[in-house]
Amino acid sequence: MGAEESLQLVDRLVLNATSEHLSDLRAAVFRGSWEGETYDAIAERLGYAEAYVKEEGANLFRLLTEILGERVTKTNFRAALERYQASMSGNSPQELEERTINLASVNNGFGSVTVTPTTHEVDPNFIGREGAIAHLNEKIAQGNRIILIQGEGGRGKTTLARKYFKTQGFDCCLELWMAAERRNITLVESVVEEWLRRDFNEEPGRDFGINLERLKRKLRDEHQRVGILIDNLESALDKHGKFIEEHRPYVDLLRALSDSSVRSVTLITSRERLCESSVSVERYLLEGLDEQAWRQFFKNRGLDSESPAIAAMCTAYGGNAKAMKLFSGVILQDFDGDIEAFWQDNNQDLLSEPELKDLVVSQFNRLQNSNPEVYQLLCRLGCYRYQDVHYIPVEGVNCLLWDTPKEQRRSIIRALQDRSLIEVRRGKYWLHPVIRGEAIARLRQSDVWELTNRTAAEYWMDSVQIVETVDDAICILEAYYHYLEIHDYERACDVLTDVRNSRWGEGLPLGWLFYRLGLLQQMIAAITGVINNVTPDYRLGALYILLGYIYRLAGSLHQALNCHDQASQIAEQFDLEKLRIAALFNRGLCLRDLGELEEAIAVFHSVIPLAETSDDYQEYITYSLCCLAYLNSRLSQTETAIHFANQAIARLHPSTKITFWGRGYSLLFLGSTYRNLGRLEEAFQYYQNTILLSEENHFTQIRAKALHGIAQLHREQQDFEAALCYHTNAIQLLDKIGAKCDLAEAYYQLGLTYHRMGDREQRTTHLQHALRLFNEIQAPKQAQQVHQTLSEWETPYDL
C-alpha cells in the first residue's frame with residue numbers, strides 16, 4: 001500500500017468518524033511521516049513552527065488510535081494501517097463504513113474510548129469548557145440576548161466565545177475588537193457601517209439611527225442566526241463600568257442588540273463589569289480551567305501529563321488558559337519537554353504574584369536575556385493595532401526585522417510561535433491583548449519606537465497598489481494611525497491626501513476613496529484627528545474641502561459651510577488659487593442645497609472668471625455653467641438657463657480634464673435643467689447617460705438623483721405607475737447612503753406626484769416627511785417652500 005493509497009484510506013476513516021476530511025496540514029504531515037521525515041523537516045518545508053506540526057501529528061495519530069482500536073504512533077502507523085486493511089479485506093465497502101462509524105468502547109491501551117460522528121473536528125487546544133458552553137446555552141434559553149463573559153486577562157474568554165459560535169449552529173459571526181488604548185477605539189458608527197456593508201452586503205446610510213434600524217432588521221431574519229462578539233470591552237469603560245463619554249453611542253448599539261425581537265446572540269468579553277442601566281446584559285463569570293484540563297492540554301502537546309508540577313502551576317495561576325499555553329510552549333522549546341526542570345527553574349519568580357501579567361513579564365525578561373533578536377521582534381510587533389485590521393501578513397512581520405539578515409527571519413518568527421508568544425492562523429499573525437500590552441509598553445521605552453512606527457506605516461502604504469475594496473482602503477489608513485502615534489501629523493495628513501490608484505481608473509486621494517467606498521465616519525474621525533495639528537498649506541485646505549463635502553452629503557450644511565470658509569482662508573493666506581476656486585464652488589453647492597438660489601448663482605458666477613486664469617482650473621468652469629443653467633431653470637429664467645446649458649455642453653464633450661465624478665454631476669444638472677424647461681426628451685437622454693456613468697463608477701448618489709429626475713419626467717407625462725417606481729428606487733438608494741438633502745427633495749417630489757394622482761393622504765404623508773428632513777438639516781427656505789405647498793393644498797375637509 002503506497003503513500004497516496006494510505007492517505008485516501010485515512011481520509012475516508014477520519015471522514016466517517018468526524019464528518020470532516022483531513023485538513024491540508026494533517027495530510028501534509030501524514031505524507032512527510034510516510035516518507036520518514038522528522039517533524040522539524042516537515043515544519044521547515046511547510047513553513048510552520050515545529051511545535052505546531054508536532055502537535056497536529058500527535059492529534060492525527062491519536063484520532064487513528066481511537067478509530068483503529070490500537071495504539072498508533074508516528075513510528076508504527078504504516079504497520080497499523082496495513083493490519084487494518086488486511087482485517088477488512090473480506091468486507092464490502094458498506095460494511096467497512098458501518099464498522100468505522102459504529103466503533104465504540106474500543107480498548108486502545110488507554111482505556112475505553114467512544115468515537116462518535118461530529119460536525120466539528122476535535123480541537124486539542126479547546127478543553128475543559130463543556131460546562132461553560134452548557135451555561136451559556138441555559139442563559140440564552142432564558143431569553144438573554146447579550147451575555148458578558150467576565151474574567152481576568154488570559155482566562156480564555158475570547159476563545160470560549162468563538163468556539164461557542166462555531167459549534168452552536170450560528171450562520172455567521174460579526175466581530176468587534178475593542179482597542180486596548182482608548183484613543184484607538186473605533187467609532188461605533190463605523191462599526192455598524194462595516195457590518196452592514198461587509199457582512200450583509202447592504203450600503204449603509206449616513207445616519208447612525210437609521211443604520212441601527214437596518215441592523216436590527218437583518219438580525220430579525222428567521223433564516224440566518226447571527227452571533228456577535230465584542231472583545232475586550234473594558235478599554236471603553238470608565239471606573240464605574242459605564243462607557244466613556246466619547247463612546248457613549250455604544251450604548252445605543254447594545255440597546256439594539258438586546259432588543260427582544262432580534263434573533264442574534266451577542267457575547268461580550270471584558271475584565272470589568274458593564275453597568276449601563278438602560279442595557280439588558282446577563283453576566284457570566286468565567287472560572288479558570290481545572291487541573292484535569294491542564295493535564296489534558298499538556299498531554300495533547302506530547303508532554304508528561306502526570307507531572308506533579310502541573311498541579312502547582314495550575315493553582316499558582318488560577319487555571320489561566322493563556323498561562324497554560326505559554327508554559328507548554330516554553331517547556332517544549334527551552335526545556336526539551338521537561339516540566340519539572342522548568343518549574344524548578346521558575347516557580348519562585350512566577351509565584352511571587354500569581355497574575356498573568358507577571359507571567360508575561362517573566363517571559364519577556366527571559367527572552368530578552370536568552371534571545372535578544374526574538375525579544376526585539378516581539379516588542380516591535382506591539383506597534384500594530386490589530387483592530388480594524390485584525391491580522392498581520394508575514395510581510396508585515398518581516399518588515400520589522402529590518403536589521404536582521406533575510407535568511408534568519410523565519411527562524412526568529414518560529415521562535416515566537418514555539419513559545420506561544422505570537423498567535424498565527426493561516427499565515428496571518430497577531431498578538432494576544434495581554435502580550436501586546438507588554439510589548440508596546442517596552443517598545444515605547446526603547447530607542448526604536450519612532451523608527452518602528454515609521455517602518456510599519458511605510459509597509460501599510462506599500463501594501464496596496466490599487467484600491468479595489470474596502471479592505472484595501474482600511475489597510476492603507478493603518479499608516480495614518482502609526483504616524484499619529486509618533487505625533488507626525490504632517491505625514492498622517494499625507495496618508496489622507498496622497499493620490500492612490502483605484503478600481504475606477506483614476507487616481508484619487510485616500511480621503512476621497514473613503515467617500516467613494518461609503519466609509520464616511522472613519523474619514524471624519526481621521527480628518528478631525530489631525531486637522532488642528534497640521535501646518536496650514538494646500539493639504540490642510542484639501543482636508544477642509546473633503547470634510548465639508550462629507551458634511552454636506554450628510555445634511556450638516558452649516559458645518560460644511562464652515563469647513564469651506566476655513567479652506568478659503570488658507571487659500572487667501574497662501575495665495576492658493578485652485579483651493580480658492582474649490583472652496584468657493586463647494587460653498588455654492590451648500591447654498592444651493594439650502595435653497596438660497598440667488599446667492600448660489602452669485603457664487604457660481606464668481607467662480608468662472610477665477611477658473612479662466614489657468615487651464616488647470618477649466619473643469620470648474622464646466623461645473624459652474626451646469627449649476628447656473630439648473631438654478632436659472634429653477635427660477636424660470638428660460639433664456640438664461642438655455643444660454644448656460646449650451647455653453648456647458650460645448651465644453652463638456654471635448655473636455656479631457658473633467659473627472660468621472662464631475663462629468664456625472666454635469667450630465668445630471670443638464671438633465672434637471674431641461675426637465676425644468678419642459679424639454680422632456682432631452683432631459684430623459686441626459687438622465688440615462690448619467691445613470692450609465694454612475695453605474696460604471698459606483699456613484700450611488702448621482703444615480704439616485706437621476707432616477708429621481710426620471711420619476712418627475714414620467715409624472716409630467718401622466719405615467720404615474722412608472723413615476724412611483726422611479727421615486728421608490730431613488731428614495732431607497734438615498735436612504736441607504738443617508739443623503740438627507742437629496743432625500744428631503746425626493747420625498748417632496750413624491751408628494752407632488754401623489755397630488756397629481758389625487759391621493760391626498762399619501763401626498764400629505766410624504767410632504768410632511770420632506771418638511772421634517774428640511775428642518776433637520778436647517779434649510780429654512782426649503783422647509784418654507786414645503787410648508788407653503790401644504791398650506792395651499794390643505795382644505796378644511798382635509799384637516
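**A walk through the predicted model**

Trp512, Tyr549, Phe585, Phe604, Tyr620, Tyr623, Tyr630, Trp661, Tyr665 and Phe669 make up one aromatic cluster. The structure in which they sit is a predicted model. In total, 32 aromatic pairs are counted. One of them is formed by Tyr620 and Tyr623, an edge-to-face pair with 5.8 Å from centre to centre and 75 degrees between the planes. These two numbers are the usual way to read such a contact: a pair of aromatic rings is described by the distance of the centres and the angle of the planes.

The positions of the two tyrosines in the chain also matter for reading the pair. Tyr620 and Tyr623 are three residues apart in helix α30 (residues 618-634), so about one helical turn separates them. An α-helix has 3.6 residues a turn, so residues three or four places apart point the same way. Both side chains can be placed by their accessibility. Tyr620 has a relative accessible area of 12% and is buried, and Tyr623, with 6%, is buried too. The limit used here is 20%: a residue under that value counts as buried.

Another pair from the cluster is Tyr665 with Phe669. Their ring centres lie 6.1 Å apart and their planes are at 25 degrees, so this pair is stacked. Tyr665 and Phe669 are four residues apart in helix α32 (residues 660-676), which again puts about one helical turn between them. Tyr665 is buried at 10% relative accessibility, and Phe669 is buried at 7%.

Next come the sheets. Strands of a sheet pair through backbone hydrogen bonds, either parallel or antiparallel. One open sheet has five strands in the order β4-β5-β6-β3-β7, with parallel pairing. Its edge strands are β4 and β7 (282-285), each of which pairs on one side only. From one strand to the next, the twist averages 20 degrees. Between β4 and β5 there are six bridges, in the parallel sense. Within this region Glu175 stands opposite Leu229 in β5.

Helices lie against these strands. Helix α7 (residues 130-141) lies across β3, β6 and β7, and runs at about 170 degrees to β7. Helix α11 (residues 250-257) has six of its eight residues buried, so the rest of the structure largely encloses it. The buried ones are Tyr250, Val251, Leu253, Leu254, Ala256 and Leu257. What do the buried residues of α11 pack against? Their partners include the strands β3 (146-150), β4 (172-177), β5 (226-231) and β6 (265-270), together with the helices α9 (188-200) and α10 (208-219).

A second open sheet has three strands in the order β11-β12-β13, and its pairing is mixed. Here the edge strands, each pairing on one side only, are β11 (466-467) and β13 (508-509). Strand β12 (residues 499-502) runs antiparallel to β13 and is joined to it by two bridges. The bridge partner of Arg500 is Leu508 in β13.

Helix α19 (residues 406-418) also has buried residues: Arg409, Ile412, Ile413, Arg414, Ala415, Leu416, Gln417 and Asp418. After α19 comes Ser420, with a positive phi near 60 degrees. Positive phi values turn up in two glutamines as well. Gln718 has a phi near 65 degrees, a positive value in a residue other than glycine. Gln718 sits in the loop between α34 (700-716) and α35 (720-737), and it is partly exposed, with a relative accessible area of 46%. Gln778 is not a glycine either, and its phi is positive at about 55 degrees. The loop that holds Gln778 lies between α37 (760-776) and α38 (780-793).

How many disulfides are there? The count comes to zero. Among the cysteines, Cys275 is partly exposed at 33% relative accessible area, whereas Cys314 is buried at 8%.

Last comes the confidence of the prediction. The protein chain averages a pLDDT of 85, and 92% of the residues score at least 70. Among the elements of the chain, helix α21 (residues 449-463) has the highest mean pLDDT, 97, and strand β2 (residues 112-113) the lowest, 31. The pLDDT is below 50 over residues 92-121, a stretch that has 52 contacts in the model beyond near neighbours in sequence.

Key. Residues are numbered from 1 along each chain as its sequence is written. This is a predicted model: local features need pLDDT of at least 70, side-chain atom pairs count only at pLDDT 80 or more; totals for chains, interfaces and linings use all residues. Side-chain values use heavy atoms; hydrogens and water are left out. Buried means under 20% relative accessible area, exposed over 50%, partly exposed in between (1.4 Å probe, protein chains only). Two strands pair if DSSP finds at least two bridges between them. Contact means heavy atoms within 4.5 Å. A disulfide is a pair of cysteine sulfur atoms within 2.5 Å. Axes are lines fitted to C-alpha atoms, for helices over the stretch in contact, and angles run from 0 to 180 degrees between N-to-C directions. pLDDT is the predictor's confidence in each residue, from 0 to 100. Rings of Phe, Tyr and Trp (its six-membered ring) pair if their centres lie within 6.5 Å; planes under 30 degrees apart count as stacked, over 60 as edge-to-face and the rest as tilted.
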